[in-house]
Amino acid sequence: MAARTLPLRRLLILLGLLGAGYVVAIVVYLQFFMLPTTVSLRTDTEVVLEAQADAADRLADLDVALTGVGGAVQQAAGGAVPAEGVMDDLEARIDAVLMSTTGLGLTARLVGVPDSVRIGLAGAAAAETSSGERLIAALAALREGDQELAERMVSDAGAQRQLAEVELARAETMAISEVIRRERDLEATVGGAVLVLVAWGLVGSALVVGAFLILRVRLYRPLAAIESSLKRIADGDLSTSVDIDRDDEMGRLAGMLNRMTAVLADRERREQERRQTVIERYSRILEESASELVAFDAATFRAPSSRSR
């Protein structure tokens, strides 16, 4: 009885599905495990850098305003009256800084920033706000002619500006520490991913070797046996047969080849029997004819019959 085996077509389909599943598994792993970690690190780093850049820009604008208000105070101390347009420009610049350090503007800028960095940036923003408010108060004091208050407000604004610089430096330090920590996490993740990919590579190699062995046993060896049998049949050896006892395509092909060989061998046997019969028949005819041979008379060319004898 033929051994039950998986048909070759189904086997090839199964091997194709295994190969496709292997590739899909690797893609899914990279897409849903590796890529989010990398994107998260890049996004967090970009957010931190943007928040720090905004804080540095505000600090630069505050320095310009502080210098301008300080100059106006000194000009007023010398007895000159600062131009109203100059003070309006300084006030507009300070208002722009205050708008970006308070309310939703600051909150939007700190979204996604790690807590340790957010504390430093929030402290820097608070110091910048305090410095800007004192500069606004200094301009108001100049308009009212209160020179002493204006000078004190400028001094306090300078102190708050220094505090904002300290807080910003603190935030930068925390940001560097956070980036280093994220990079280490990424390195750990990448290391784990490398191990996983190595494991997948070993699994893939095992699948390839297994597929090769399966195809060798199920396809190459039967084809080699059939090819050898066909060569012997072509050389005239009709006694050969293919020993493939399976119920798949190769088994059925071997069975049909064996049946074809049996038919040819039977025809060859019957043809030989027919030839042997013909030979025997003509042999008997020749023997009977030899018994009827006569001797010719050289003179008369008459052949007396055997009856006359």
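Buried means under 20% relative accessible area, exposed means over 50%, and partly exposed lies in between (1.4 Å probe, protein chains only). This is a predicted model, where local features need pLDDT of at least 70 and side-chain atom pairs count only at pLDDT 80 or more, while totals for chains, interfaces and linings use all residues. Residues are numbered from 1 along each chain as its sequence is written, and side-chain values use heavy atoms, with hydrogens and water left out.

**Exercise 1.** Work out whether leucine 207 is buried, exposed or partly exposed.

*Solution.* Start by finding leucine 207 in helix H5; helices are DSSP runs (H or I, at least four residues), numbered from the N terminus. Next, take its relative accessibility, which is 38%. Leucine 207 therefore counts as partly exposed.

**Exercise 2.** Place isoleucine 26 and list its contacts beyond the neighbours within four places in sequence.

*Solution.* First, isoleucine 26 sits in helix H1, residues 8-77. Second, its relative accessible area is 19%, so isoleucine 26 is buried. Third, leaving aside those sequence neighbours, isoleucine 26 contacts Leu197 and Trp200 (contact: heavy atoms within 4.5 Å). Finally, the C-alpha atoms of isoleucine 26 and leucine 197 are 7.8 Å apart, although 171 residues separate them along the chain.

**Exercise 3.** Find what glutamine 160 touches, not counting residues up to four places away in sequence.

*Solution.* Begin in helix H5, where glutamine 160 lies. With those residues set aside, glutamine 160 touches Ala127, Ser130, Ser131 and Arg134.

Terms used. Helices (H or I, at least four residues) and strands (E, at least two) are DSSP runs, numbered from the N terminus.
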